[in-house]
Amino acid sequence: MNSPFAIAPTDPVQLAPSYRLPIGLLLLALPLVWLQVWVGAAVGLFGVFLLVQTATLRLHFTDTALDIFHGETRIRRFPYQDWQNWAIFWPPVPILFYFKEVNSIHFLPILFDPKALQACLEQRCPTVSE
């Protein structure tokens with residue numbers, strides 16, 4: 001893999017937060033308020049929600065699983081062996097990360113560095129990509 005994020009597959013990686021999506025929604029909410037107050041307010045509240053999530057959630061890629069942390073507390077673990085496929089939607093402006101496990105489907109907004117996410121996924125889950 002030719003990536004500036006190339007690391008050993010056994011090294012844990014914590015993805016850096018990216019505030020682009022929540023800030024983009026907040027900026028979009030401003031003109032929407034002038035067009036339709038309730039729509040603008042809903043988009044703005046969702047932007048604030050994602051802003052808080054960006055500040056508090058972290059993705060950790062380990063050698064065996066993707067862990068989601070809220071602060072210092074691990075709230076979910078997704079072992080790679082259970083993954084069937086994954087995708088990052090709308091690559092020019094990545095907004096959504098999807099992955100399917102044996103028994104469930106997960107969608108996560110892109111609240112972290114999309115290039116590092118792509119690199120980690122290609123390195124740790126290459127056989128289940130798109």
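A disulfide is a pair of cysteine sulfur atoms within 2.5 Å. With that cut-off in hand, the cysteines of this predicted model can be examined. The count comes to 0 disulfides. For C120, the reason lies in distance: the closest cysteine sulfur, which belongs to C125, is 9.5 Å from the sulfur of C120, and this is too far for a bond. C125 likewise takes part in no disulfide, as the nearest cysteine sulfur, that of C120, lies 9.5 Å away. Turning to accessibility, C120 counts as buried because its relative accessibility is 3%, a value below the 20% cut-off. C125 also counts as buried, with a relative accessibility of 3%.

A second point of interest is strand β3, which spans residues 65-70. This strand is mostly covered, with 5 of its 6 residues buried. Strand β3 also has pairing partners, and it is helpful to follow them one by one.

One partner is strand β2, made of residues 57-61, which pairs with β3 in the antiparallel sense through 5 bridges. Within this pairing, F61 has L66 of β3 as its bridge partner. The connection from β2 to β3 is a hairpin, with 3 residues joining the two strands.

Another partner is strand β4, covering residues 73-79, and here too the pairing with β3 is antiparallel, this time over 6 bridges. In this pairing, P79 of β4 stands opposite A65. The hairpin of β3 and β4 has 2 residues between the strands, and in this hairpin G71 adopts a positive phi near 65°.

Methods:
Residues numbered from 1 in each chain as written. Predicted model: local features only at pLDDT ≥ 70, side-chain atom pairs only at ≥ 80, totals over all residues. Heavy atoms only, no water. Buried < 20%, exposed > 50% of the residue type's maximum accessible area, 1.4 Å probe, protein only. Helix = DSSP H or I, 4+ residues; strand = E, 2+ residues; numbered from the N terminus. Pairing = 2+ DSSP bridges.
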